Amino acid sequence: MQLRSVAAVATVVLSLSLFLSPTSAHNITRILAKYPQFSTFNHYLTETHLAAEINSRATITVCAVDNAGMSDLLAKHLSIHTIKNVISLHVLLDYFGAKKLHQITNGTALAATMFQATGSAPGSTGFVNITDLKGGKVAFGPAENHGNLPATFVKPVEEIPYNISVIQISTMLPSAVAEAPTPEPSQMNLTSLMSAHGCKVFAETLLKSPAEKTFEDNTDGGLTVFCPGDDAMKNFMPKYKNLTADGKQSLLEYHGVPVYQSMASLKSNNGVMNTLATDGAKKYDFVVQNDGNVVTLKTKIVTAKITGTLIDEQPVAIYTVNKVLMPKELFKGVVADTPAPSPAPEADAESPKSSKKKKHKAPTADDAPADSPADGPSDDFADSTAADDNGALSYSAGPVVVGVLSMWFFNLLL
């Protein structure tokens with residue numbers, strides 16, 4: 001009886017441990033590496049950085065094409081940036097295992113793709129039509145083909161329900177929009193790209209500053225930009241206007257890094273990172289840190305999260321962030337890691353001295369830091385000390401819960 005109880009306790013504890021443990025992420029490169037017939041497809045997933053984007057998604061379907069099918073695509077001599085658009089049309093933003101493909105409601109479905117998510121696909125051109133045909137066949141075709149379904153489902157390759165499904169289809173999906181020539185990143189207008197994807201205020205501010213040339217000069221050699229969204233930038237503008245001309249330029253340049261950093265490298269290379277504003281003794285750096293798939297940028301004042309990708313094409317990457325990055329060099333009056341001085345002992349409430357009003361000298365312009373905004377980033381600092389929106393603390397109670405329950409069960413046995 002006692003052995004049975006011990007076994008029951010062990011089972012409960014193991015179950016709780018599994019329940020409270022986060023699941024491990026998938027790796028599309030490792031999955032396809034086991035199948036030589038997809039070696040070319042797998043190579044271009046890495047070459048175009050799509051592999052990292054696929055691995056960062058919780059629910060995804062990859063429609064892989066064998067080496068012969070990829071040869072047909074490569075024969076068109078497309079640029080690597082255009083090839084990325086074409087392959088991204090083969091990555092569905094939903095889970096479609098073999099069973100689900102044969103049980104599609106009403107026999108047909110439109111699936112959004114990673115190409116649609118880039119914002120480069122107008123209308124419905126970034127969707128794929130999936131239709132369950134008679135005789136057990138399932139056909140695929142770009143929505144822009146108006147019912148023409150050139151590819152068919154061949155077989156499942158690997159499934160991790162309901163995380164990732166890798167399936168083989170018979171041929172590449174033809175798309176005039178995806179195969180249209182894509183300009184090289186160095187030929188792109190960075191501010192226009194930012195303006196079109198939710199960073200218009202930052203882009204317009206950059207255009208009015210000498211910092212814009214600093215960004216452009218670093219485009220060919222490698223550039224990573226962290227662009228605050230419009231809401232974040234609008235809320236920050238009163239503080240920005242209080243900065244000196246040099247301070248404004250440094251603040252904007254602080255949002256650029258003079259090397260290309262893919263999302264995969266940001267997740268793996270955590271630590272201090274120099275910026276376009278870094279100049280000798282003037283550090284102007286921040287710390288890159290990730291918690292799972294969430295990448296944060298930490299200054300001494302604020303912690304910002306990367307919320308999206310505008311472009312990730314070597315040598316240029318542009319990411320959106322949810323807050324304006326504030327360097328301690330410009331906002332030294334509110335450095336987060338400097339503890340506030342202890343208040344002086346107050347006189348006893350009943351003491352006659354406590355009833356006297358103290359005269360305070362009005363602060364002058366020389367008393368306050370010239371480069372510290374009057375209102376200070378107290379809200380931003382408060383946010384940076386709390387758990388992030390994705391619940392970074394969600395598993396911290398797991399070991400405690402398991403330990404307490406384990407002790408409770410074992411005490412019952414004694």
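Which residue in E7 does Cys63 stand opposite? Cys63 stands opposite Ile167. The model is a predicted one, in which local features need pLDDT of at least 70 and side-chain atom pairs count only at pLDDT 80 or more, while totals for chains, interfaces and linings use all residues. Residues are numbered from 1 along each chain as its sequence is written, and side-chain values use heavy atoms, with hydrogens and water left out.

Strand E1 (residues 60-64) pairs with strand E7 (residues 164-169) in the parallel sense over 5 bridges. Strands (E) are DSSP runs of at least two residues and helices (H or I) of at least four, numbered from the N terminus; two strands pair if DSSP finds at least two bridges between them. E1 and E7 belong to an open, mixed sheet of 7 strands, ordered E2-E1-E7-E6-E5-E4-E3. Strand E2 (91-92) and strand E3 (108-112) each have a single partner strand, so one side of each lacks a neighbour in the sheet.

The largest nonpolar core (buried Ala, Val, Leu, Ile, Met, Phe, Trp, Tyr and Cys residues joined through side-chain atoms within 4.5 Å) has 50 residues. Buried means under 20% relative accessible area, exposed over 50%, and partly exposed in between, with a 1.4 Å probe and protein chains only. Met194, Phe226, Leu251, Phe286 and Ile318 touch the most other members. Strand E14 (residues 316-321) gives the most to this core, with 5 residues. A second, separate core of 45 residues includes Val62, Val86, Ile87 and Ala98.

Leu251 is also one of the buried residues of helix H13 (residues 245-253). Beyond neighbours within four places in sequence, Leu251 is in contact (heavy atoms within 4.5 Å) with residues including Phe236, Tyr240 and Phe331.
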